[in-house]
Amino acid sequence: MTRFSDWSGYIAHTTGSPPKPLYHRALALFDRPGTAVDLGCGAGNETLDLLHNGWSVHAVDSSEAAIRTVTERATSAALPARDTWAELPEISVHPEYAVRELFRGWQLEHFDEVEEDGKSFGGPKHWHLYEVIAARA
Ligand SMILES: C[S@@+](CC[C@H](N)C(=O)[O-])C[C@H]1O[C@@H](n2cnc3c(N)ncnc32)[C@H](O)[C@@H]1O
């Protein structure tokens with residue numbers, strides 16, 4: 001009988017794969033983000049999608065490779081915005097999932113990520129921001 005104790009090959013092979021149909025079926029049962037448990041998260045494809053959709057996720061896996069992979073992916077997805085002003089202490093910087101989390105329970109009429117070179121009153125500037133129109137649900 002085949003025994004699976006090392007999932008590292010599977011995890012490397014599936015990193016970046018689209019979320020599974022079962023996941024979409026489960027997600028469709030909810031009308032707003034909440035807290036999810038991704039049990040046997042593997043490379044974290046569903047975990048990453050949940051985070052991008054404003055969910056909080058407990059990603060669980062017995063494989064060290066899985067935890068390392070999902071942690072790296074979630075951390076890089078949460079890197080601060082690439083806006084020129086992102087390092088300024090008076091500027092609030094949030095990754096997409098955190099911005100979505102701010103509007104949990106609101107109806108998002110418009111949500112768009114904008115990233116472009118432009119200018120500000122101080123000269124050239126790289127803009128990286130989220131445009132949001134939201135109404136209380
Ligand atoms: C077939 S993979 C599925 C991974 C991912 N959910 C996917 O759909 O791509 C199974 C995963 O479950 C994990 N796993 C297996 N037995 C486990 C256990 N007893 N507790 C936690 N994770 C386990 C493995 O390490 C592996 O990452």
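Which residue is the bridge partner of Leu 39 in β2? In the predicted model described here, the bridge partner of Leu 39 in β2 is Val 60. This pairing belongs to the contact between strands β1 and β2, which pair in the parallel sense over five bridges. Strand β2 has two faces that differ in their cover, since Val 57 and Ala 59 make up a covered face, whereas Ser 56, His 58 and Val 60 make up an uncovered one. Val 60, the partner of Leu 39, therefore belongs to the uncovered face of β2.The protein chain is divided into domain 1, which covers residues 8-77, and domain 2, which covers residues 96-136. The centres of the two domains, taken over C-alpha atoms, are separated by 24 Å. Six residues of domain 1 are in contact with six residues of domain 2, and the side of domain 1 that touches domain 2 has two nonpolar, three polar and one charged residues.

The largest nonpolar core of the model has 13 residues. Those with the most contacts inside this core are Leu 50, Leu 51, Trp 55, Val 57, Ala 66 and Val 70. The elements that give two or more residues to the core are α3 (45-52), β2 (56-60) and α4 (64-77), and the largest share, three residues, comes from α3. In soluble globular proteins, nonpolar side chains tend to be buried together. Trp 55, which is among the core residues with the most contacts, is in contact with Pro 33, Gly 34, Thr 35, Ala 36 and Leu 50 when its neighbours within four places in sequence are left aside.

Helix α3 is itself mostly covered, with six of its eight residues buried. The buried residues of α3 are Asn 45, Glu 46, Thr 47, Leu 48, Leu 50 and Leu 51, a list that includes residues of the nonpolar, polar and charged classes. These buried residues pack against α1, α2 (21-27), β1 (35-39), β2, α4 and α5 (96-102). After the helix comes Gly 54, whose phi is positive, near 90°.

Another buried position lies in helix α1, where Ile 11 has its place. Ile 11 counts as buried because 22 C-beta neighbours lie inside 10 Å of it, and the cut-off for a buried residue is 20 or more. Leaving aside neighbours within four places in sequence, Ile 11 is in contact with Gly 42, Ala 43, Ser 63, Ala 65, Ala 66 and Thr 69. Among these contacts, Ala 66 is also one of the residues with the most contacts inside the largest nonpolar core. Ile 11 and Leu 51 are 40 residues apart in sequence, and their C-alpha atoms are 19 Å apart in space.

The surroundings of the ligand also involve helix α1. The ligand is surrounded by 14 residues, of which the closest are Trp 7, Gly 40, Gly 42, Ser 62 and Ser 63. Helix α1 (residues 8-14) gives the most to this shell, with three residues. By class, the residues of the shell divide into six nonpolar, six polar and two charged. Gly 42 and Ser 63, which are among the residues closest to the ligand, are also contacts of Ile 11.

Strands β3 and β4 lie within the bounds of domain 2. Strand β3 (residues 106-120) runs antiparallel to strand β4 (residues 123-136), and 14 bridges join the two. The two strands form a hairpin with two residues between them. Towards the hairpin turn, the bridge partner of Lys 119 in β4 is Pro 124, while the partner of Gly 118 in β4 is Lys 125.

In contrast to α3, which is mostly covered, β3 is hardly covered, and the count of buried residues among its 15 residues is zero. Glu 109, whose place is in β3, serves as an example. Glu 109 is exposed because 9 other C-beta atoms lie within 10 Å, where a residue with 12 or fewer counts as exposed. Apart from residues up to four places away in sequence, Glu 109 touches Ile 133, Ala 134 and Ala 135. The C-alpha atoms of Glu 109 and Ile 11, which are 98 residues apart along the chain, are separated by 36 Å.

Note on methods. Residues numbered from 1 in each chain as written. Predicted model: local features only at pLDDT ≥ 70, side-chain atom pairs only at ≥ 80, totals over all residues. Pairing = 2+ DSSP bridges. Helix = DSSP H or I, 4+ residues; strand = E, 2+ residues; numbered from the N terminus. Near = placed C-beta within 6 Å. Domains from an automatic or database assignment. Contact = placed C-beta atoms within 7 Å. Core = buried A, V, L, I, M, F, W, Y, C linked by C-beta atoms within 7 Å.
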